[in-house]
Amino acid sequence: MSKTAINSFRQVPPLLITSLMVGSLALGNIDDATQQTKSTLPVGSPVIKLDAFTVEDAPPKLCFGVSLSLWKNGHTGLVTAIYINKVKHGSSAEEHGLGPRTRIYRINDQPVEEMVASFNGDTELNKLFINRKIGSKITVEAQPEGAFEAKTVTLVEKMNLNVEINIWD
């Protein structure tokens with residue numbers, strides 16, 4: 001390799017090299033990525049180390065007896081789909097036959113695709129789902145897994161009766 005080629009290579013950002021390697025690995029070209037890296041990296045190249053990502057904050061409490069999966073459009077930041085992951089026993093969602101893998105299409109007559117895909121801050125989903133008071137209501141159009149059509153139901157926030165009582169003699 002010529003001296004000019006080595007100097008121009010040093011100007012290539014390490015992120016680009018990493019992207020090329022990851023792309024080759026994702027396509028199943030593990031040997032190609034290894035060979036390409038060995039042949040193109042200058043001697044004494046810095047090692048790239050990525051620290052593990054951890055979430056420090058506790059997740060917010062969702063209401064109406066459901067936990068949700070939110071799919072987000074990376075370009076617009078809007079919801080592409082909302083699915084129910086879990087349903088609390090005794091909740092109004094369970095009473096209406098909503099269960100895991102139920103897809104939600106509308107909330108209070110608004111298509112979910114028009115909502116910002118976040119439960120944080122001042123978003124519509126935050127106002128609807130985070131820490132609602134007992135008796136709060138929302139209307140959802142949802143299609144349970146295996147159902148042929150969606151149905152519209154009203155969910156009511158109920159008191160959390162999962163209380164454990166210990167009596168000490």
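Partly exposed residues are those between the buried limit of under 20% relative accessible area and the exposed limit of over 50%. With that in hand, welcome to a tour of this predicted model.

**View 1. Asp122 and Lys127 join in a salt bridge.** The two side chains meet at 3.8 Å, N to O. Lys127 has a relative accessible area of 43%, so this residue is partly exposed. Its partner Asp122 counts as exposed, at 64% relative accessibility.

**View 2. Lys158 pairs with Glu95.** Here the salt bridge spans 2.4 Å, N to O. Because Lys158 sits in the segment after E6 and Glu95 in helix H4 (residues 92-95), the pair ties together parts that are 63 residues apart in sequence. Lys158 is partly exposed at 34%, while Glu95 is exposed at 54%.

**View 3. Glu145 and Arg101 link two loops.** Their side chains form a salt bridge at 2.9 Å, N to O. Glu145 belongs to the loop between E5 and E6, and Arg101 to the loop between H4 and E3, so parts 44 residues apart in sequence are tied together. Glu145 is exposed at 52%, and Arg101 is exposed at 53%.

**View 4. The largest nonpolar core holds 24 residues.** Look for Ile104, Ile107, Phe129 and Val140, which touch the most other members. Among the elements giving two or more residues to this core are strand E3 (102-107), helix H5 (124-129) and strand E5 (137-143).

**View 5. Confidence varies along the chain.** Helix H2 (residues 14-26) has the lowest mean pLDDT of the elements, 44, and strand E4 (residues 110-111) the highest, 97. Over residues 53-60, pLDDT stays under 50.

Terms used:
Residues numbered from 1 in each chain as written. Predicted model: local features only at pLDDT ≥ 70, side-chain atom pairs only at ≥ 80, totals over all residues. Heavy atoms only, no water. pLDDT = per-residue confidence, 0-100. Helix = DSSP H or I, 4+ residues; strand = E, 2+ residues; numbered from the N terminus. Contact = heavy atoms within 4.5 Å. Core = buried A, V, L, I, M, F, W, Y, C linked by side-chain atoms within 4.5 Å. Buried < 20%, exposed > 50% of the residue type's maximum accessible area, 1.4 Å probe, protein only. Salt bridge = Lys/Arg side-chain N within 4 Å of Asp/Glu carboxyl O.
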